[in-house]
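Me: Please take a close look at the nonpolar interior of this protein. I should like a connected account of it, together with the charged and aromatic side-chain pairs that accompany it.

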Amino acid sequence: MHKISIVVAAYNENSIISETIQKIIELMKQQNKYEWELICVDDGSCDDTYSVAIQTAAGEPKVKILKHNHNYGQGRALRTGFAACSGDIVVTIDADLSYGPEYILKLGDVLIERNVDITLASPYAKGGEVVNVPFYRRLLSRFGNKYLAKMSQYNISTITCVVRAYRREILDAIFLTSDGMELQLEIMLKAAMIKARVCEIPARLAWAKQKSADMKFSRVSKMRIFRTMGVYLFLGWLSKPAYFFILLSLSLLLTGGYMAFMLVLRTFNSIITNLDYGAFQAISIGLETVYKNYTYSFIISGGLIIFGFHILGVALLTIQNKFYFEEMYKLTEAVLSEKIKKSEE
């Protein structure tokens with residue numbers, strides 16, 4: 001029988017953490033397909049989240065409540081939970097159960113039935129649904145996930161969602177370092193390096209009405225929105241840094257090339273009009289005339305082309321470094337796996 005380890009990261013959730021723990025316990029006690037454990041990690045909350053969780057879990061030996069002394073971030077809390085897991089399947093779920101606890105079992109079932117390594121819950125997959133999420137937040141998330149999906153190795157609709165199921169050996173096979181929400185992308189990037197199999201299932205994302213009201217555009221700091229956009233861009237940068245350099249270099253080269261082409265065209269026209277002075281003299285006059293009239297264009301186009309080629313060189317070096325990093329990562333993982341096997345023998 002498979003054992004599911006459920007990991008919940010919580011920060012300042014004293015108003016809902018008790019209900020969350022109770023719902024998960026009730027769900028898991030009603031099923032008989034899996035052994036289970038629940039690991040709730042309080043990521044240095046400033047309220048009574050930890051004490052409420054401890055009281056709720058009293059008398060439940062399958063529930064562990066862990067605590068960080070400081071608020072490190074969702075990623076660190078999840079990594080703490082991973083380290084404490086004993087199940088062969090690990091499911092992560094939001095503290096507010098915005099996806100519903102039933103996805104714990106759904107994700108676990110799909111992981112086994114489809115024989116994959118990671119299963120994701122996606123409200124943007126065909127058949128998925130989004131309820132009570134403000135329009136601006138839904139739009140930002142939708143485009144952010146599309147952008148990150150393009151940056152990743154997998155054809156998926158949602159890459160930032162926390163609600164996932166993992167085979168334990170996959171989490172053991174990758175070394176994770178992220179403390180924030182970028183952990184979700186880090187897992188996918190490193191899973192791609194070891195050829196992990198990934199699928200997603202349609203899911204229903206439903207925010208509580210109070211949360212939806214609190215997150216309305218008029219009430220949310222615009223700096224927070226820009227910060228979220230910045231995080232998405234940064235995550236994409238982590239995924240494919242060369243992609244950005246290539247786009248920048250192409251834009252510079254195309255702009256500089258267009259300006260250079262127009263200068264060549266003007267020079268050619270000037271040469272044609274001065275052919276009566278002889279070919280060499282016409283070329284000299286044409287170049288001199290165009291340079292005097294379009295000095296700044298010469299300088300700018302030349303600078304754009306030179307700088308564009310420099311950026312393109314950086315892009316190629318980034319691709320090379322990424323290749324070497326992936327090769328070293330695979331080699332390190334292979335060496336560590338071999339050492340673990342020998343120690344177990």
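Reply: The account below goes from the whole chain to the cores, and then to the side-chain pairs.

The model is predicted, so local features are given only at pLDDT of at least 70 and side-chain atom pairs only at pLDDT 80 or more, whereas totals for chains, interfaces and linings use all residues. Residues are numbered from 1 along each chain as its sequence is written, and side-chain values use heavy atoms, with hydrogens and water left out.

The protein contains twelve helices and nine strands; these are DSSP runs numbered from the N terminus, helices being H or I of at least four residues and strands E of at least two. Of its 345 residues, 45% count as buried. Here buried means under 20% relative accessible area, exposed means over 50%, and partly exposed lies in between, with a 1.4 Å probe and protein chains only. About 18800 Å² is exposed by the protein, and carbon and sulfur atoms supply 59% of that area; accessible areas come from the Shrake-Rupley method with a 1.4 Å probe, and for residues only the protein chains shown count as cover. Among contacts with a separation of 6 or more, 80% are between residues 24 or more positions apart, a contact being heavy atoms within 4.5 Å.

The largest nonpolar core has 42 residues, and Ile6, Ile24 and Ile104 have the most contacts inside it. Such a core is a set of buried Ala, Val, Leu, Ile, Met, Phe, Trp, Tyr and Cys residues joined through side-chain atoms within 4.5 Å. Two or more residues of this core come from each of β1, α1, β2, α2, β3, β4 (89-93), α4 (102-113) and β8 (198-202). With neighbours within four places in sequence set aside, Ile104 is in contact with Ile4, Ile6, Ile24, Leu27, Met28, Val91 and Ile93. A second core, separate from this one, has 29 residues, including Phe82, Val90, Ile174 and Ile187.

Charged pairs come next. There are 13 salt bridges, counted wherever a side-chain nitrogen of Lys or Arg is within 4 Å of a carboxyl oxygen of Asp or Glu. In one of them, Lys3 pairs with Glu37, with 3.9 Å between the closest N and O atoms. Lys3 belongs to strand β1 (residues 3-10) and Glu37 to strand β2 (residues 35-43), so this bridge ties together parts that are 34 residues apart in sequence. Lys3 counts as partly exposed because its relative accessibility is 21%, whereas Glu37, at 4%, is buried.

Another salt bridge joins the side chains of Lys29 and Glu60, at 2.9 Å from N to O. This pair links distant parts of the chain, since Lys29 is in helix α1 (residues 17-30) and Glu60 in the loop between α2 and β3, 31 residues apart. Lys29 is exposed, at 52% relative accessibility. Pro61 is in the loop between α2 (49-57) and β3 (63-68), and Pro61 counts as exposed because its relative accessibility is 75%. Leu38 is 23 residues from Pro61 in sequence, and their C-alpha atoms are 9.5 Å apart.

A salt bridge within one helix is that of Lys190 and Glu186, at 2.7 Å from N to O. Both residues lie in helix α7 (residues 183-193), four residues apart, about one turn of the helix. Lys190 and Glu186 are both buried. Elsewhere, salt bridges with shared partners join Lys3, Glu37 and Lys64 into one network.

Aromatic side chains complete the account. The whole structure has three aromatic pairs, meaning rings of Phe, Tyr and Trp (its six-membered ring) with centres within 6.5 Å; planes under 30 degrees apart are stacked, over 60 edge-to-face, and the rest tilted. Phe82 and Tyr166 have ring centres 5.9 Å apart and planes at 75 degrees, so this pair is edge-to-face. Phe82 is in helix α3 (residues 74-84) and Tyr166 in strand β7 (residues 164-167), so the pair ties together parts that are 84 residues apart in sequence. Phe82 is buried at 9% relative accessible area, and Tyr166 is buried at 0%. Phe82 is also one of the residues of the second core.

Charges over rings are found as well, the rule being NZ of Lys or CZ of Arg within 6 Å of the ring centre and within 35 degrees of the ring normal. Arg76 lies over the face of Tyr72, 4.0 Å from the ring centre, and the charged end of Lys106 sits over the ring of Tyr103, 4.7 Å from its centre.
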